[in-house]
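Here are my notes on the model, set out as numbered points. They deal with the annotated site and then with one helix.

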Amino acid sequence: MNPIFRFEGIYTPVVTPYHQDGGVNWDALSHAIEYLIENGVHGLISGGSTGENYAQTVEERLELASFTHKQLKGRLPLVVGTGAMLTPDSIALASGAREIGADAILLASPPYSVPTDRENALNALAIDKAADLPVMLYNYPHRTGTMMGEEFLDRVGRSRNFCGIKESSGDINRVHLLARDYPHIQLGCGMDDQALEFFAWGAPFWVCGGSNFLPAEHVALYQACVVEGNFAKGRRIMSAMMPLMRVLEQGGKFIQTIKHGVTMNGINAGAMRPPLKGLNKDDKRALEQVTRVLKKTIADIVAEG
């Protein structure tokens, strides 16, 4: 069964730039979107956790999605996040995504409630019905407390809209399971330090927060592995990226690090909404050093042809 929509390439979960008073910095968001387009990413996600959706109302999330859709002008596909604790909120986001003309939705398990596979699948199918758009599932049990298990996958698979999954469990056995037993659901990397392994198992897309400020470098890994099938080159690029993965994934400062990276590029991403706080000087210095070395190393690899 062929998927109704093909998720291919680098999908960036866009940050939400804020002014000091906590309001959205629309000019900075516009610049961020244009920067991503110019640097070759293949799709954008509005309303993901990297965009601080947990600190936004449903109305704010839909306003951000609508703004992003208008800014894109059809140049890249737009995926709208529907993750929420309340099913009615997720349904409102899904319906809103359809109304604004989004290309797909991102659908995670509701956090904290820990539904069974059956309950989780029925919840997902209700959200799918509201959107009637292609769905990228988002399996991140460390955040939601719920694994999208085989019963869940079998149940949602009854709808052709479920055509991709961002797998963020960190369990490499899940990659094997999805690639072998659920080939009709496109496998997507959601665990940055396993990107090479995902591509080796046929994943056609990667949802990566770091592409907010290093889009060309993330595209380079995708290009080497998926487009060229050159895994020797891919291993060299991945090796150069590993120090960044350690900075991003360790210390619980993922969003803060991404937003500082965006600001380093001259786009003022601003502060985070509470409870998060910005990086200290040592963290900023470490990111700047890692980024400098990474960019030069990957540029040299790409230049070799």
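**Notes on the annotated site and helix α9**

1. Tyr-138 is buried, its relative accessible area being 11%. The model is a predicted one, and Tyr-138 sits in strand β5, which covers residues 135–139.

2. Beyond residues up to four places away in sequence, Tyr-138 touches Ser-49, Met-148, Lys-166 and Ser-168, together with Leu-106, Leu-107, Ala-108 and Ser-109.

3. Lys-166 belongs to strand β6, residues 162–167. Lys-166 has a relative accessibility of 10%, under the 20% cut-off, and so counts as buried.

4. With neighbours within four places in sequence set aside, the contacts of Lys-166 include Met-136, Leu-137, Tyr-138 and Asn-139. Gly-188, Cys-189, Gly-190, Phe-205 and Val-207 are also in contact with Lys-166.

5. An unreviewed UniProt entry places the feature "active site" at Tyr-138 and Lys-166. The two positions span 29 residues in sequence, but their C-alpha atoms are no more than 4.7 Å apart, so they gather at one spot. Both Tyr-138 and Lys-166 are part of the lining of the largest pocket.

6. Helix α9 runs over residues 215–227, and its buried residues are Pro-215, Glu-217, His-218, Val-219, Ala-220, Leu-221, Tyr-222, Ala-224 and Cys-225. These buried residues pack against strands β1 (9–13) and β8 (205–207), and against helices α1 (26–38), α8 (195–200), α10 (231–249) and α12 (281–303).

7. Gly-229, just after α9, has a positive phi of about 65°.

Terms used:
Residues are numbered from 1 along each chain as its sequence is written. This is a predicted model: local features need pLDDT of at least 70, side-chain atom pairs count only at pLDDT 80 or more; totals for chains, interfaces and linings use all residues. Side-chain values use heavy atoms; hydrogens and water are left out. Buried means under 20% relative accessible area, exposed over 50%, partly exposed in between (1.4 Å probe, protein chains only). Helices (H or I, at least four residues) and strands (E, at least two) are DSSP runs, numbered from the N terminus. Contact means heavy atoms within 4.5 Å. UniProt positions are given in the numbering used here, feature names are shortened, and annotations may be inferred rather than shown by experiment. On a 1 Å grid over the protein atoms alone, a cavity is a set of points where a 1.4 Å probe fits but cannot get out, and a pocket is an open set with protein on both sides within 12 Å along at least five of seven lines; lining residues have an atom within 4 Å of a point.
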